[in-house]
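Subject: Handover of a structure and summary of findings

Dear colleague,

Please find the structure below, passed to you for your own work. The findings follow it, arranged by region.

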Amino acid sequence: MAQREKMPALCVETLADDYAGVQMRQIDIPTPADDEVLVRIGAATLGFPDLLMTRGAYQHKPNLPFIMGGEAAGEIVALGGAVTDLAVGDRVAVGKIGGGFAGYGCYRAATVRRCPDNLSLAQAAALSAAYLTAYVALVRRAHLQAGEWVLVHGAAGGVGLAAVDLAKALGARVIATSPSQDKLDQVAALYNPDVCLNSAEGFREAVKDITGGGADVIYDPVGGDVFDESVRCIAWNGRLLVIGFASGRIPSIGVNMPLIKGFSVVGVRAGEYGRRDPEKGAENVDAIWDMAARGIIQPHVCAEIPLDDWRQAFELMSTRAVVGRVVLCP
């Protein structure tokens with residue numbers, strides 16, 4: 001493939017509100033280094049960090065200009081000279097910070113993973129980050145046991161929906177919450193949690209009644225008032241998992257509450273877990289891909305949107321009008 005051929009790429013050229021610094025460009029298709037493969041990207045997942053990075057509000061701040069997009073999946077179209085264990089035509093999942101919202105991307109061969117035949121490219125792109133977060137949270141950090149009650153907040157979001165799916169697969173009893181009844185109905189149809197609970201007017205008493213005293217594990221990507229109320233409906237020896245702060249408010253807690261109620265507040269950073277313990281990190285990644293290949297977990301993509309229509313995808317994400325993941329398709 002000639003190096004001067006062009007590809008579409010969604011680039012952040014300046015940091016600005018309302019995505020004013022985001023532009024579609026035609027740029028050169030890259031050439032893989034010896035240890036890389038060139039992938040024709042078929043789908044790339046959109047996440048809240050992507051939106052934050054357009055205005056410099058995320059913890060990772062790439063040098064300008066940069067191509068957006070992390071997790072992606074596609075087909076290998078060229079190999080670096082030192083690559084021997086992959087082939088042109090292989091369907092692969094790839095990921096790095098930036099580069100996914102483009103027609104092609106170069107990735108180190110050691111980091112790509114062949115897609116199971118039972119997953120579409122969109123599903124493969126949507127799997128890794130959400131399910132890895134759920135796996136590290138529930139298995140590594142909470143040591144979830146079959147039969148325990150798991151309260152999943154933000155159950156319609158990407159990481160919340162993955163937690164519902166995974167917790168059910170692990171034999172837990174799952175309460176899925178959302179302030180939207182329509183979203184709860186969709187969650188119920190997808191993964192059949194034991195209880196779907198509309199949290200618009202609170203959830204504390206309902207959770208205590210359902211579980212007979214409190215949830216064993218609470219998975220909280222929301223923070224704010226949701227975290228505050230979760231403290232009031234967690235069981236003795238419970239594990240309150242801090243996933244993120246989608247509500248916009250980082251809550252605080254008096255340490256007398258974990259002392260009196262006998263529960264743990266547990267931080268979850270799936271990527272950092274793997275960096276600190278590479279062996280277990282690799283085991284985590286292998287575990288979720290194996291479960292996906294066997295159909296035990298099934299990532300849900302609610303919308304596949306052409307890359308040219310990126311504003312539509314950004315609007316769906318920013319208004320929280322999604323259940324699961326949104327992918328952009330170059």
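How many bridges join strand S1 to S2, and in which sense do the two strands run? Seven bridges join S1 (residues 6-12) to S2, and the two run antiparallel. Please note at the outset that the model is predicted.

**The three-stranded sheet**

S1 and S2 belong to an open sheet of three strands, ordered S2-S1-S4, with antiparallel pairing. Its edge strands are S2 (22-28) and S4 (66-67), each of which pairs on one side only. Within the pairing of S1 with S2, Leu10 stands opposite Met24 of S2.

**The six-stranded sheet**

A second open sheet contains six strands in the order S11-S10-S9-S12-S13-S14, and here the pairing is parallel. The edges are formed by S11 (195-198) and S14 (264-267), which each pair on one side only. From one strand to the next, the twist averages 20°.

Strand S12 may serve as a point of reference in this sheet. Its pairing with S9 is parallel and comprises three bridges, and Leu151 is placed opposite Ile218 of S12. With strand S13 (residues 234-242), S12 (residues 215-220) shares five bridges, again in a parallel arrangement. Two positions in that pairing can be named: Tyr219 has Leu241 of S13 as its bridge partner, and Asp220 stands opposite Val242 in S13. S12 is mostly covered, with six of its six residues buried.

**Helices H3 and H4**

Helix H3 lies across S9 (149-152), S10 (173-178) and S12, and runs at about 165° to S10. H3 also packs against a second helix. Two packed helices are described by the angle between their axes and the distance between the axes. For H3 (residues 158-169) and H4 (residues 181-191), the angle is about 35° and the axes are 11 Å apart. The crossing of H3 and H4 is right-handed. On the H3 side, the residues that meet H4 are Leu161, Val164, Asp165 and Lys168; their counterparts in H4 are Val187, Leu190 and Tyr191. Sorted by class, this contact has five nonpolar residues, two charged residues and no polar ones.

**Ser230**

Ser230 is located in helix H6 (residues 224-230). Its relative accessible area is 0%, and Ser230 is therefore buried. Apart from neighbours within four places in sequence, Ser230 is in contact with His153, Phe203, Ile218 and Leu240. Of these, Ile218 has already appeared above as the residue of S12 opposite Leu151.

**Cysteines**

How many disulfides does the structure hold? The number is zero. A disulfide is a covalent bond between the sulfur atoms of two cysteines. For Cys11, which is in no disulfide, the nearest cysteine sulfur is that of Cys106, 15 Å away. Cys11 counts as buried because its relative accessibility is 8%.

Why does Cys329 form no bond with the cysteine whose sulfur is closest? That sulfur, in Cys302, is 12 Å from the sulfur of Cys329, which is too far for a bond; the cut-off for a disulfide is 2.5 Å. Cys329 has a relative accessibility of 18% and so counts as buried, the limit for that class being under 20%.

**Pro330**

Pro330 is found in the segment after strand S16 (325-329). Is Pro330 buried or partly exposed? With a relative accessible area of 39%, Pro330 is partly exposed. Pro330 and Pro306 are 24 residues apart along the chain, while their C-alpha atoms are separated by 6.0 Å. Leaving aside neighbours within four places in sequence, the contacts of Pro330 are Ile41, Gly42, Ala43, Ala102, Gly103 and Leu307.

**Asp35**

Asp35 lies in the loop between S2 and strand S3 (36-46). Its relative accessibility is 40%, so Asp35 counts as partly exposed. Beyond the neighbours within four places in sequence, Asp35 is in contact with Val83, Tyr107, Arg108 and Ala109. Asp35 and Gly154 are 119 residues apart in sequence, and the distance between their C-alpha atoms is 40 Å.

With kind regards

Methods. Residues are numbered from 1 along each chain as its sequence is written. This is a predicted model: local features need pLDDT of at least 70, side-chain atom pairs count only at pLDDT 80 or more; totals for chains, interfaces and linings use all residues. Side-chain values use heavy atoms; hydrogens and water are left out. Axes are lines fitted to C-alpha atoms, for helices over the stretch in contact, and angles run from 0 to 180 degrees between N-to-C directions. Helices (H or I, at least four residues) and strands (E, at least two) are DSSP runs, numbered from the N terminus. A crossing is left-handed if the near helix is turned anticlockwise from the far one by less than a right angle, and right-handed if clockwise. Contact means heavy atoms within 4.5 Å. Ala, Val, Leu, Ile, Met, Phe, Trp, Tyr, Cys and Pro count as nonpolar, Asp, Glu, Lys and Arg as charged, and the others, Gly among them, as polar. Two strands pair if DSSP finds at least two bridges between them. Buried means under 20% relative accessible area, exposed over 50%, partly exposed in between (1.4 Å probe, protein chains only).
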